[in-house]
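Trainee: I want to see how each label on this model is earned. Can we take the terms one by one?

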Amino acid sequence: MTADEARAIAGAFAPTRPWKNWNDYCYALLKLRSDPLYPGVLAALRGSTSPVLDLGCGLGLLAHALRQDGQAMAYYGVDNDAAKIRSGRHAAGRAGLADMCFEQVDLATTLPRHQGSVAILDVLQYLQAEAQLALLQNTAAMLGDGDRLVIRMTVADGSRRSVVSRIGDRAANVVGWMRFRPRHYLGLDAISPHLQQCGLTVTATPLYGNTPFNNWLLVAQRD
Ligand SMILES: C[S@@+](CC[C@H](N)C(=O)[O-])C[C@H]1O[C@@H](n2cnc3c(N)ncnc32)[C@H](O)[C@@H]1O
């Protein structure tokens, strides 16, 4: 994403007074500038007009990226962090984004009702192994023809990158940006067959960009 595009989105997270908290603004700017996540997800969703459920949406940056990309489908973001949901809702309103909904939901116990595409971006590792597989099975059932399940995840494969990813996740928890510790990392050898058993075809590609992390993008659709 260009500097201008990132600044345009991050602006919705800027505090109304200069002496107030700039954390969300700085995080949004840094994330949008440095991480290839959103261009990858936007490309995966392009061409579909189905509503998107964003599981573990954080500040809802995907909502802003979708609109900036001209993708006008309804957006429903859920996260268990009440402060992020408040901030995401506020920023989407401030940016004048239409057809947006944000809700506090704990994915360890609850899955919202939805039909359409689903995004699970850097979230799976915060659930226990069994909860991850159940979540994937339940989200697969939400997809109709042409809908997409887009997952970004750290792949557990014993590589140096996967170690750096784990350290990064722990650090995010220690400094307080992430309220919860990661629980379990899946390998491609576990997630791909599971999605196939749910009746989906899956493509998995590395999405490293200039980061040191072992990030992969998985895009799944009904056979
Ligand atoms: C690394 S952030 C990713 C945020 C967003 N998906 C993005 O890509 O910008 C992980 C998010 O998952 C959320 N999360 C972790 N455990 C969760 C749970 N049990 N239920 C809902 N959200 C959860 C965190 O609050 C955090 O916002």
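The talk below goes through the ligand, its pocket, and the other spaces.

Mentor: Keep in mind that this is a predicted model.

Trainee: What makes the pair between a nitrogen atom of the ligand and Gly-56 a polar contact?

Mentor: A nitrogen atom of the ligand is 2.7 Å from a polar backbone atom of Gly-56. The cut-off for N or O pairs is 3.5 Å, so the pair counts as a polar contact.

Trainee: Which side chains have an N or O atom paired with a nitrogen atom of the ligand?

Mentor: Asp-106, at 2.8 Å, and Asn-80, at 3.2 Å. Both values fall within 3.5 Å, so both pairs are polar contacts.

Trainee: How much of the ligand does the protein bury?

Mentor: Taken alone, the ligand exposes 590 Å². The protein buries 93% of that area.

Trainee: Which residues surround the ligand most closely?

Mentor: There are 20 residues around the ligand, and the closest are Tyr-38, Gly-56, Asp-79, Asp-106 and Leu-107. By class, this shell has 11 nonpolar, 3 polar and 6 charged residues.

Trainee: Why is Gly-56 counted as polar in that kind of split?

Mentor: Gly is placed among the polar residues by the class rule, so Gly-56 goes there.

Trainee: Which pocket corresponds to the space taken by the ligand?

Mentor: That space is the largest pocket. Its volume is about 1,300 Å³. Of the 48 residues that line the largest pocket, the closest to its centre are Tyr-27, Asp-122, Tyr-126, Trp-177 and Met-178. The lining divides into 23 nonpolar, 12 polar and 13 charged residues. Among the elements that each supply at least two lining residues are helix H2 (23–34) and strand E5 (149–154).

Trainee: What volume does the second largest pocket have?

Mentor: About 400 Å³. It has 20 lining residues, and the closest to its centre are Phe-13, Asn-21, Asn-23, Asp-24 and Ser-87. Helix H5 (82–94) gives the most to this lining, with 6 residues.

Trainee: Why is the space lined by Leu-124 and Gln-125, among others, called a cavity and not a pocket?

Mentor: A probe fits in a cavity but cannot get out, whereas a pocket is open. The space is listed as the largest cavity, so the probe is shut in there.

Trainee: How many cavities of 30 Å³ or more does the structure hold?

Mentor: It holds 1. The largest cavity is about 40 Å³ in volume, so it passes the 30 Å³ mark. Its lining has 4 nonpolar, 4 polar and no charged residues.

Terms used: Residues numbered from 1 in each chain as written. Predicted model: local features only at pLDDT ≥ 70, side-chain atom pairs only at ≥ 80, totals over all residues. Heavy atoms only, no water. Near = heavy atom within 4 Å. Polar contact = N/O pair within 3.5 Å; in protein donor to acceptor, adjacent residues only side chain to side chain. Areas by Shrake-Rupley, 256 points an atom, 1.4 Å probe, with all protein chains shown as cover. 1 Å grid on protein atoms, 1.4 Å probe; cavity = no way out; pocket = protein on both sides within 12 Å on 5 of 7 lines; lining within 4 Å. Sits in = over half its atoms within 2 Å of the grid points. Helix = DSSP H or I, 4+ residues; strand = E, 2+ residues; numbered from the N terminus.
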